Amino acid sequence: MSVDRVEVLDGGEETAADAAVTMAAAAVPYYPVAPGVRLNVRSGPGTSYPIIKVLSEGIRVAIYCQTPGTSVTGPYGTTNIWDSIASGEYVSDAYVRTGSDGYVRPRCSS
């Protein structure tokens, strides 16, 4: 079955594509960054990549996919897993509380 329009409670309409994006965004889990940490976001999965911004303390990040990179030691151990939090934005999983020492999201495609 195909849906072209989805009715919204406020009386407006939302396209099926908009609904799919909304549902996909809702399916991406958010994880807390370690307390008291202002986390560097890098342009690639490693400490040799430039810092493109710094996240505020107390923030939660969406992890879209994960990939191996430079090994980093942080509050949640030592790992070479890097979390993609947006297109071209990576943070070390050693600073994100995922509840696991391994991968919790799909591997990033190259």
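This is a short tour of the model, stop by stop, with a selection to make at each one.

**Before you start**

The model is predicted, so local features need pLDDT of at least 70 and side-chain atom pairs count only at pLDDT 80 or more, while totals for chains, interfaces and linings use all residues. Residues are numbered from 1 along each chain as its sequence is written, and side-chain values use heavy atoms, with hydrogens and water left out.

**The whole chain**

Switch on the cartoon view to begin. The protein chain has 1 helix and 9 strands, where helices (H or I, at least four residues) and strands (E, at least two) are DSSP runs numbered from the N terminus. Follow the chain along its sequence and you will meet the pattern β-β-α-β-β-β-β-β-β-β.

Now show the surface. About 6800 Å² of the protein chain is exposed, and carbon and sulfur atoms supply 52% of that; accessible areas come from the Shrake-Rupley method with a 1.4 Å probe, and for residues only the protein chains shown count as cover. Of the 110 residues, 33% are buried. Here buried means under 20% relative accessible area, exposed over 50%, and partly exposed in between (1.4 Å probe, protein chains only).

**The nonpolar core**

Next, select Tyr-31, Val-33, Ala-34, Val-37, Leu-39, Val-41, Leu-55, Val-61, Ile-63, Ile-85, Val-91 and Val-96: these 12 residues form the largest nonpolar core. Such a core is a set of buried Ala, Val, Leu, Ile, Met, Phe, Trp, Tyr and Cys residues joined through side-chain atoms within 4.5 Å.

Centre on Ile-85, in strand β8 (residues 77-86). Ile-85 counts as buried because its relative accessibility is 12%. Setting aside neighbours within four places in sequence, Ile-85 is in contact (heavy atoms within 4.5 Å) with Val-41, Leu-55, Val-61, Ala-62, Tyr-64 and Val-91. Draw a C-alpha to C-alpha line from Ile-85 to Val-41: it spans 8.8 Å, and the two are 44 residues apart in sequence.

Then move to Val-33. Beyond its neighbours within four places in sequence, Val-33 has contacts with Leu-39, Ile-59, Val-61, Tyr-95 and Val-96.

**Strand β9 and the salt bridge**

Select Lys-53 and Glu-89 with their side chains. They meet in a salt bridge at 3.2 Å, N to O, the term being used for a side-chain nitrogen of Lys or Arg within 4 Å of a carboxyl oxygen of Asp or Glu. The pair links distant parts of the chain, with Lys-53 in strand β5 (residues 51-54) and Glu-89 in strand β9 (residues 89-92), 36 residues apart. Lys-53 is partly exposed at 36% relative accessibility, whereas Glu-89 is buried at 17%. The structure holds 1 salt bridge.

Stay in strand β9 and pick Tyr-90. Tyr-90 is buried, with a relative accessible area of 15%. Not counting residues up to four places away in sequence, Tyr-90 touches several residues, including Asn-40, Val-41, Arg-42, Thr-67 and Trp-82.

**A charge over a ring**

For the last stop, select Arg-107 and Tyr-103. Arg-107 lies over the face of Tyr-103, at 3.9 Å from the ring centre; a charge sits over a ring if NZ of Lys or CZ of Arg is within 6 Å of the ring centre and within 35 degrees of the ring normal. Arg-107 belongs to the segment after β9 and is exposed, with a relative accessible area of 54%. Add Cys-65, Gln-66 and Pro-68 to the view: Arg-107 is in contact with these residues, leaving aside neighbours within four places in sequence.
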